[in-house]
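Me: I've got this chain open and want a quick walk through the fold. Can you talk me through it?

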Amino acid sequence: MAQIFYVHCPACGGRFPCHQELWQVEYDLLCPYCGLSFPQDQSPLIISASGERRERAPQPADATTTGATSAPESM
Ligand SMILES: [Zn+2]
């Protein structure tokens, strides 16, 4: 029997159910509200049938890489 998990759409924020089978495989999800097709990695929050919340891991802030190794122009 197929289990159901809920996915939050990253675009419109709508929540819609999907089959667990689609979660285990790399498969793009389709939002029924706005029609957006997105990979599961783009979903901000996924709630499994057992109530497990799989929130999207926050992306590490891009370190400020200031190129200070530029040699001064010498004549
Ligand atoms: Zn949507």
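**Pairings in the sheet**

Reply: Let's begin with one residue pair. Val7 has Ile46, in E5, as its bridge partner. Keep in mind that this is a predicted model.

Me: Which way do E1 and E5 run, and over how many bridges do they pair?

Reply: They are antiparallel, with two bridges. E5 covers residues 45-47.

Me: What joins E1 to E2?

Reply: Five bridges do. E1 is residues 4-8 and E2 is residues 15-19, and these strands run antiparallel. Opposite Ile4 you will find His19 of E2.

Me: How many residues sit between the strands in that hairpin?

Reply: Six. Gly13 in this hairpin adopts a positive phi near 80°.

Me: And E5 with E6, how many bridges there?

Reply: Three, again with the strands antiparallel. Ile47 is bridged to Arg53 in E6.

Me: So what is the strand order in the sheet?

Reply: E2-E1-E5-E6. It is an open sheet of four strands, and the pairing is antiparallel.

Me: Why is one side of E2 and of E6 left without a neighbour?

Reply: Both stand at the edges of the sheet. Each has a single partner strand, so one side has no neighbour in the sheet. E6 is residues 53-55.

Me: What does the twist average?

Reply: From one strand to the next, the average is 25°.

Me: Remind me what holds paired strands together in general?

Reply: Backbone hydrogen bonds, in either a parallel or an antiparallel arrangement.

Me: Zoom out. How many helices and strands does the chain have?

Reply: One helix and six strands. From the N terminus the order is β-β-α-β-β-β-β.

Me: What share of the chain is buried?

Reply: Buried residues are 5% of the 75 in the chain.

Me: What about contacts across the sequence?

Reply: Take the contacts with a separation of 6 or more. Of these, 32% are between residues 24 or more positions apart.

Me: How confident is the predictor?

Reply: Mean pLDDT for the chain is 80. 68% of the residues reach 70 or more.

Me: Which element has the lowest mean pLDDT, and which the highest?

Reply: Helix H1, residues 20-24, has the lowest at 69. Strand E4, residues 37-38, has the highest at 92.

Me: How should I treat low-pLDDT parts?

Reply: Where pLDDT is low, don't read the predicted coordinates in detail.

Me: New topic: Phe16. Where is it?

Reply: In strand E2. Phe16 counts as partly exposed, because it has 13 C-beta neighbours inside 10 Å and the cut-off for exposed is 12 or fewer.

Me: What does Phe16 contact, sequence neighbours aside?

Reply: Val7, Cys31 and Pro32, once neighbours within four places are left out. So Val7 turns up twice: it contacts Phe16, and it is bridged to Ile46.

Me: How far is Phe16 from Phe5?

Reply: Their C-alpha atoms are separated by 8.4 Å. Along the chain they are 11 residues apart.

Me: And Leu30 to Phe16?

Reply: 9.2 Å, C-alpha to C-alpha, with their positions 14 residues apart in sequence. Leu30 belongs to strand E3, residues 29-30. Leu30 is partly exposed, with 15 other C-beta atoms within 10 Å.

Me: Where does Leu36 lie?

Reply: In the loop between E3 and E4. Leu36 is partly exposed, with 16 C-beta neighbours inside 10 Å.

Me: What does Leu36 touch?

Reply: Cys9, Ala11 and Cys31, not counting residues up to four places away in sequence. Leu36 and Ala11 are 25 residues apart along the chain, yet their C-alpha atoms are separated by 7.5 Å.

Me: Last one, Tyr27. Where is it, and what is its exposure class?

Reply: Tyr27 is in the loop between H1 and E3. With 13 C-beta neighbours inside 10 Å, Tyr27 is partly exposed.

Me: How far is Tyr27 from Gln40?

Reply: 7.3 Å between C-alpha atoms. In sequence, Tyr27 and Gln40 are 13 residues apart.

Methods
Residues numbered from 1 in each chain as written. Predicted model: local features only at pLDDT ≥ 70, side-chain atom pairs only at ≥ 80, totals over all residues. Pairing = 2+ DSSP bridges. Buried ≥ 20, exposed ≤ 12 C-beta atoms within 10 Å, placed from the backbone. Contact = placed C-beta atoms within 7 Å. Axes fitted to C-alpha atoms, helices over the stretch in contact; angles between N-to-C directions. pLDDT = per-residue confidence, 0-100.
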